[in-house]
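Trainee: Could we go through this one together? I should like to begin with how parts of a chain bury area against each other.

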Amino acid sequence: MSRILEGMGASAGRALGPVRWIDWNIPLVSHRTINPDEVESEVERFGQARARALEHVSRLQAETTHRIGPFEGKVFESQAMMIEDPDLIRGTLSYIRDNFVCAERAFDWQALEMRIRMQESAHAMLVDRLADLHDVRLRVLSHLLGHGDPSDLVTEGEEPSILVGDELPPSIAARLDPERVLGVVLSGGSRGAHGVILARALGIPVVVAVGAALESIEDADRLLVDGRTGEIRINPSPQEVEGFHRAVAQATHRREALQRVAGKPTKTMDGVHTVVQANLDLPHEAVDALRLGAEGVGLFRSEFLAIGRREIPTEEDQFEAYQGVVEAFPGREVTLRTFDIGGDKFPLFLHLPPEDNPYLGWRAIRICLDMPELFRNQLRAAVRASESGNLRLLIPFVSTVEEMRRSRDLLTETYASLGLTGSGIRIPLGVMVETPAAVETLDLLAPYVDFVSLGTNDLTQYVLAADRGNAKVGKLYDPLHPALVRMYRRVVKESARYGLDLSVCGELSGDPLGVAALLGLGYRKFSVSVRGLPEIRELIRNVSAKELGKLMRKLDRLESGDEMRRALAQYLADRGVLPEPSPVELSKE
Ligand code: PEP
Ligand code: MG
């Protein structure tokens, strides 16, 4: 029997392979005192090491921009900012000048202090930046100690393996080769950490926040990693390995089958037309989304522009990013979600003390309406980008009609400020239904919106009072709980009554059983993470919307999500879509 560890899934996909520990340790720094007449030369040495570190970081940024994309390259901007951080510089200089210690000792003390301050802050954004600080500390120290740049140490040529470590520094992540690195498992980390964002962009499965249990992994172990559920099986059984290989073979088969129908609409067996769009976390994912047949973008998470930034992203930066995606999908909808920051994503420019309940706190539209300069910039950039194609705007985390009305007013003002008055708002405006309040008041919200997007991830945590990121209540967090299924049905009915276009963008639309349920409830438009596109498109082509409609009505009185899942899996197995009554998902390619 394999042992199981649980973390948080941070980049979907499965991987199987031997362990390789991330060797990215801070070198030992000896305590060397200096004479007063050496002070200035140590200050100079520190200045030179910083300059070299900055040079390397900008080289890494250029390489990453070239290899992955311009926004992924920007990950290294926060490291450049750290190297130039006035507190870090001032503190180091005062250790050299006042305590008469060598530059490396002074810098290391100061970096350590900064690390402790970050760890003590419960702020998710600062905790996200720990891996950046580790990178910076290692890089500046290596230069001071004459070791060269540490990212040159990334070794190639070993057998394909699963990287295991405390964090994934961006310098390592940017150079990962998906052929050699099958997956990543971290004791710390978070979905928003820069290294994790890069690994995700490279399509490498990642599990974060495994905690101290990571130490139980031994060098000779083999791991089976599930980057969606966060489950890690240590030394999987032959049956588990066989299941993994079967999933890989299915994924390959599915891809080949889909290649043949690429560009064709996704219809159910009984001829019901559906639309399958992509969820994008980063603009560069548009390329894969197109290749995998996405019919537009149902959710473009704009937060990537704000995370890790000390300053509000400029209108121009945003315009370029939005326009790029709009142009990648000519004639197709691109649904831009306004900044969903707060919760677990805090940009540095918010300067916020930690909140006791961040998911119930200052988040998304609440922040945007309280910071009109932030919101106006985004609206202007979006309206300008909409001139190049079919852009829609989606407002997250709406809980009051007032929020929607004010968003609409601000959008009207934006048109006026751009001199585009006369024909009213031309950009479709939508509400994300992800709070129980939005479900209950869809009739009141309807006059202010053109479309509805169901966000099952947040709706589940708010309806069931179960934190979506807390593994302890993971079993309670069930998007197919009867309370939610009833709400989904209600949203279909209300949207139809008010003539609102309806789609689903939560993870449930990337889960085969979830899509089967949603099809049965009447949903016809799905927005799915890029890697999930092939599987979901294939599933839709092999089921009957009519049969699923009947089935869902029959299941209306089931008492739990598990029972519903079993019934749906049975239906899919009968249709030959899933070989066993469990969700088979895309595995490592
Ligand atoms: C959701 O809540 O369902 C959703 C799609 O948004 P996010 O996961 O970005 O909060
Ligand atoms: Mg959400």
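Mentor: Let us fix the term first: buried area is the accessible area, taken with a 1.4 Å probe, that two parts lose on being put together, summed over both. Please also keep in mind that this is a predicted model.

Trainee: Understood. How is the protein chain divided into domains?

Mentor: There are domain 1 (3-24 + 152-233), domain 2 (36-146) and domain 3 (264-587).

Trainee: And what area is buried between domain 1 and domain 3?

Mentor: About 1,100 Å² is buried between domain 1 and domain 3, and carbon and sulfur atoms give 49% of that area. In domain 1, the residues that lose the most area to domain 3 are Arg-14, Ala-201 and Arg-228, which together make up 40% of what that side buries.

Trainee: How far apart are the centres of domain 1 and domain 3?

Mentor: Taken over C-alpha atoms, the centres of domain 1 and domain 3 are separated by 28 Å. Domain 1 brings 13 residues to the contact, and domain 3 brings 11 residues.

Trainee: How many salt bridges are there between domain 1 and domain 3?

Mentor: The count is 1 salt bridge between domain 1 and domain 3. As for residue pairs in polar contact, with both at pLDDT 80 or more, the count between these domains is 0. Helix 9 supplies the largest share of the side of domain 1 that touches domain 3, namely 4 residues.

Trainee: Which residue forms a salt bridge with Asp-281?

Mentor: Arg-200 does, and the closest N and O atoms of the pair are 3.6 Å apart.

Trainee: Let me turn to the sheet. What is the strand order?

Mentor: It is an open sheet of 8 strands in the order 1-8-7-3-4-5-6-2, with mixed pairing. Strand 1 (3-6) and strand 2 (8-11) are the edge strands, each pairing on one side only. From one strand to the next, the twist averages 30°.

Trainee: What does helix 9 touch there?

Mentor: Helix 9 (residues 194-201) packs on the sheet and touches strand 2, strand 5 and strand 6 (206-208). The direction of helix 9 makes about 60° with that of strand 2.

Trainee: Are strand 4 and strand 5 parallel or antiparallel?

Mentor: Strand 4 (residues 161-165) and strand 5 (residues 181-186) pair in the parallel sense, over 5 bridges. Gly-165 stands opposite Leu-186 in strand 5.

Trainee: One last topic: which side chain meets Glu-104 in a salt bridge?

Mentor: The side chain of Arg-32 does, at 3.9 Å from N to O. Glu-104 lies in helix 5 (residues 103-120) and Arg-32 in the loop between strand 3 (14-21) and helix 1 (39-67), so the pair, 72 residues apart, links distant parts of the chain.

Notes:
Residues numbered from 1 in each chain as written. Chains lettered and ligands numbered in written order. Predicted model: local features only at pLDDT ≥ 70, side-chain atom pairs only at ≥ 80, totals over all residues. Heavy atoms only, no water. Pairing = 2+ DSSP bridges. Helix = DSSP H or I, 4+ residues; strand = E, 2+ residues; numbered from the N terminus. Axes fitted to C-alpha atoms, helices over the stretch in contact; angles between N-to-C directions. Contact = heavy atoms within 4.5 Å. Domains from an automatic or database assignment. Salt bridge = Lys/Arg side-chain N within 4 Å of Asp/Glu carboxyl O. Polar contact = N/O pair within 3.5 Å; in protein donor to acceptor, adjacent residues only side chain to side chain.
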